Amino acid sequence: MPDDLFESLVEVVVDREEITVVGRVPEPRLAEGASPAEREAAIGARVQEFRERTREDRVAVAREAEHRFRKKVSWGVECGGQRALFTHIAAPVMTRLRQPERQVLDTLIAGGVARSRSDALAWCVRLVQRHTDDWLSELRESLEQVQRVRAQGPDTEFGDRPADAPTEEE
């Protein structure tokens, strides 16, 4: 990634389908006493300017990374305490819900909160995410620790043999 793309790299998030790269861009300079609406507009303009100005560089980095990692690359920025994600994928997720769970989604649709069960489910996930960030962060840290411990495990002694595969003695 070009060193001068962002003021600083905030985070890189990787899941099964996508790599999301978020960097910090400088806040716009505002006149003293600028209103919240003026600040919001200036930040929006800064984000849009960054997006347009860096498009070619970001596309080049994304092509190389997508080829290497076989995942889509998405971009976002933080500016003035606000985060903006550019085009990113919306991966379909299949699930089976029982009637009481479907009724929750249907209530959200009837109340005008969502247009479809899919929208209602995404709304529920965002709500849980917003209210459990600390818990989810702790869970992610625990999972990373499990991965580190597994990487240090005795697998090298047995090569690629699955744990439940018969040994030579069997």
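Which residue in strand 2 is the bridge partner of Val13? The close-ups below take that up, along with the aromatic rings of this predicted model.

**View 1. Val13 and the hairpin of strands 1 and 2.** Val13 has Thr20 as its bridge partner in strand 2. Strand 2 covers residues 18-24 and runs antiparallel to strand 1, with six bridges joining the two. Just three residues sit between these strands in the hairpin.

**View 2. Phe6 meets Trp75, one of three aromatic pairs found in the whole structure.** Here the ring centres are 6.3 Å apart and the planes of Phe6 and Trp75 make an angle of 40°, so this pair is tilted. The two partners come from distant parts of the chain, 69 residues apart. Phe6 belongs to the segment before strand 1 (8-14), while Trp75 is part of strand 3 (residues 72-79). Neither ring's residue is out in the open: Phe6 and Trp75 are both buried.

**View 3. Phe50 pairs with Phe86.** With centres 6.4 Å apart and planes at 35°, the rings of Phe50 and Phe86 also count as tilted. Phe50 sits in helix 1 (residues 36-53), and Phe86 is in the loop between strand 4 (82-85) and helix 3 (99-110), so the pair ties together parts that are 36 residues apart in sequence. Phe50 is buried, at 1% relative accessible area. Phe86 comes in at 5% relative accessibility, and since buried means under 20%, Phe86 gets that label too.

**View 4. Four residues in an aromatic cluster.** Zoom out a little, and Phe6, Phe50, Trp75 and Phe86 turn out to be linked into a cluster by ring pairs.

Conventions. Residues numbered from 1 in each chain as written. Predicted model: local features only at pLDDT ≥ 70, side-chain atom pairs only at ≥ 80, totals over all residues. Heavy atoms only, no water. Phe/Tyr/Trp six-rings, centres within 6.5 Å; stacked < 30°, edge-to-face > 60°. Helix = DSSP H or I, 4+ residues; strand = E, 2+ residues; numbered from the N terminus. Buried < 20%, exposed > 50% of the residue type's maximum accessible area, 1.4 Å probe, protein only. Pairing = 2+ DSSP bridges.
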